[in-house]
Structure formats: structure tokens, C-alpha cells
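Here is a short tour of one protein model, written to be read with the structure open beside you. Let us begin with a pair of helices and work outwards from there.

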Amino acid sequence: MLNLTFGIIHILWSKRGLGMEYKYKLDHQAIAKRVKVARKAAHMTQAELAERIDISTNAVAKLEANLMKLSLQTLVNIANVLDVDVNYLLTDNTSIDGNT
């Protein structure tokens, strides 16, 4: 089971009409950058990563350029293939090798 910490997720409170709203906002640009850094650190091309996680090379390029949002399953697949902690991809609180 993954223990996901959301250091860069911003919680906004104010529900439309009810006074409270729960919103989680991921920093997709930062996630995209960390995916690219992790891929390069693994000495893997976009095509190699795409093949390993069963998406197109074009999709990997779009993810890294922050032109496409990745699903949670794709994020987990990327973390597994690149052997990085999911927390590294989601937050800036963990190093690429999973150490804090």
C-alpha cells in the first residue's frame, strides 16, 4: 500500500454556498519536471519509458512537457519502472532515491 504524502498539494477551504470547499491542487508542472529528471537519471529514453509503462512515446513527451495530466496508475507505473519513490514524483520533500 502506498503512503502518499502531498507536500505540494494545496488545500483550499470554502464550499460553494456551504462555506467549506475541499480542493486538492497538484503541481503538475513540478511533477512533470521530476518525471523527466528521474527518467534521465535512469538513463532511459522517452521511448523506453513509454514501452515499459505501456503508453505512447508521444504521451511521455506530453507528460514531461506538462501538456497532459497523468493518471494515478501511470504515476505509480512510472515510479516502479524508474525505481523512484512515488513521494519524490508528487512532492519536493523526498530525494530521487527515496531518502528525505
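At what angle do the axes of H2 and H4 cross? They cross at roughly 115 degrees and come within 10 Å. Axes here are lines fitted to C-alpha atoms, for helices over the stretch in contact, with angles running from 0 to 180 degrees between N-to-C directions. H2 is therefore roughly perpendicular to H4, a label used for angles of 65 to 115 degrees.

Before going on, a word on the source: this is a predicted model, in which local features need pLDDT of at least 70 and side-chain atom pairs count only at pLDDT 80 or more, while totals for chains, interfaces and linings use all residues. Residues are numbered from 1 along each chain as its sequence is written, and side-chain values use heavy atoms, with hydrogens and water left out. Helices (DSSP runs of H or I, at least four residues) are numbered from the N terminus.

**Where H2 meets H4**

On the H2 side, Leu49, Arg52 and Ile53 meet Thr74, Asn77, Ile78, Val81 and Leu82 of H4, where contact means heavy atoms within 4.5 Å. By type, these residues are five nonpolar, two polar and one charged.

**The core around H4**

The largest nonpolar core (buried Ala, Val, Leu, Ile, Met, Phe, Trp, Tyr and Cys residues joined through side-chain atoms within 4.5 Å) has 19 residues, and Leu49, Leu75, Ile78, Leu82, Val84 and Leu89 touch the most other members. Two or more residues each come from H1 (28–41), H2 (46–53), H3 (57–64), H4 (72–82) and H5 (86–90). H4 gives the largest share, five residues.

Within H4, Thr74, Leu75, Val76, Ile78, Ala79, Val81 and Leu82 are buried, that is, under 20% relative accessible area with a 1.4 Å probe and protein chains only. Their cover includes H1, H2, H3 and H5. Take isoleucine 78: beyond its neighbours within four places in sequence, it is in contact with Val35, Ile53, Leu63, Leu70 and Leu89.

**Positive phi in the loops**

Most residues other than glycine have a negative phi. Two loop residues with a positive phi are set out here, with exposed meaning over 50% relative accessible area and partly exposed meaning from 20% to 50%.

| Residue | Phi | Loop | Relative accessible area |
|---|---|---|---|
| Aspartate 54 | about 60 degrees | between H2 and H3 | 70%, exposed |
| Asparagine 66 | about 60 degrees | between H3 and H4 | 24%, partly exposed |

Aspartate 83, just after H4, also takes a positive phi, of about 55 degrees.

Technical notes. Angles under 35 degrees count as roughly parallel, over 145 as roughly antiparallel, 65 to 115 as roughly perpendicular and the rest as oblique. Ala, Val, Leu, Ile, Met, Phe, Trp, Tyr, Cys and Pro count as nonpolar, Asp, Glu, Lys and Arg as charged, and the others, Gly among them, as polar.
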